[in-house]
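Biologist: Please take one part of this model, the site annotated in the database record, and go through it closely.

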Amino acid sequence: MLSVKQHNENVTFSPELLAKFGEVVSRYPEGKQKSGLLPILHLVQAEFGWVSADAMDQVAVYLHILPIEVYEVATFYTMFLLEPKGKYVLEICRTGPCCLVGAERIMGHLEQKLGVREGEVTTDGLFSWRGVECLAACGFGPVLQIGPEYTFYENLDEAKVDELIDNLKAKTE
């Protein structure tokens, strides 16, 4: 079960972010501003790297809805990160078809290569990894996607994973 970590962060939405919220809400009929919740949560996560409880509370105020309505959505969809993660989040499919062709081996390799367990963040703040449910590429496993861009990689082995990690590290230098 997902939970929201309390990090006692006071979040302030910038005028630019609030303008984006306004653009999202303007797409919906009067009184239906709650329909903008998903895109607004995406905007919050893009701005802050995750969606804190304080940010969810402020989204609720902005949309004139109860905080629980925001929590229900944010905790239902696994794409929303409810605690700080690395700059790059590697998500490995852990369902049956991918496990049959090596997903668990890849997860073990990631733990060794990055030096962190599932859900943890590397000391340099660059990487986190987690197992996720089906990524809809059962014939091409093991597969992973890398957020925040959600680039998708198939037919992985340890060497390909090492190359992906090295390329991401090189992007930040």
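**The annotated cysteines**

Modeller: The sulfur of Cys138 lies 4.0 Å from that of Cys134, which is the closest cysteine sulfur and is too far away for a bond, a disulfide being a pair of cysteine sulfur atoms within 2.5 Å. This is a predicted model, in which local features need pLDDT of at least 70 and side-chain atom pairs count only at pLDDT 80 or more, while totals for chains, interfaces and linings use all residues. Residues are numbered from 1 along each chain as its sequence is written, and side-chain values use heavy atoms, with hydrogens and water left out.

The sulfur of Cys98 has its closest cysteine sulfur in Cys93, at 3.6 Å, again too far for a bond, and a search of the whole structure finds zero disulfides.

These four residues, Cys93, Cys98, Cys134 and Cys138, are the ones covered by the annotation "binding site" in an unreviewed UniProt entry; its positions are given in the numbering used here, feature names are shortened, and such annotations may be inferred rather than shown by experiment. Although the four are spread over 46 residues of sequence, they cluster in space, with a largest C-alpha distance of 9.2 Å.

Their surroundings can be taken one residue at a time. Cys98 is found in helix H5, residues 96-100, where helices (H or I, at least four residues) and strands (E, at least two) are DSSP runs numbered from the N terminus. Cys98 is buried, at 1% relative accessible area, buried meaning under 20%, exposed over 50% and partly exposed in between, with a 1.4 Å probe and protein chains only. Leaving aside neighbours within four places in sequence, Cys98 is in contact with Cys93, Ala103, Gly141, Pro142 and Val143, contact meaning heavy atoms within 4.5 Å.

Cys134 lies instead in the loop between strand S2 (127-132) and S3, and is partly exposed, with a relative accessible area of 45%. Not counting residues up to four places away in sequence, Cys134 touches Cys93 and Thr95. Cys138 also counts as partly exposed, at 42% relative accessibility.

As for confidence, the protein has a mean pLDDT of 90, and 95% of its residues reach 70 or more, pLDDT being the predictor's confidence in each residue, from 0 to 100. Among the elements, strand S3 (residues 144-147) has the lowest mean, 88, and helix H1 (residues 15-25) the highest, 96.
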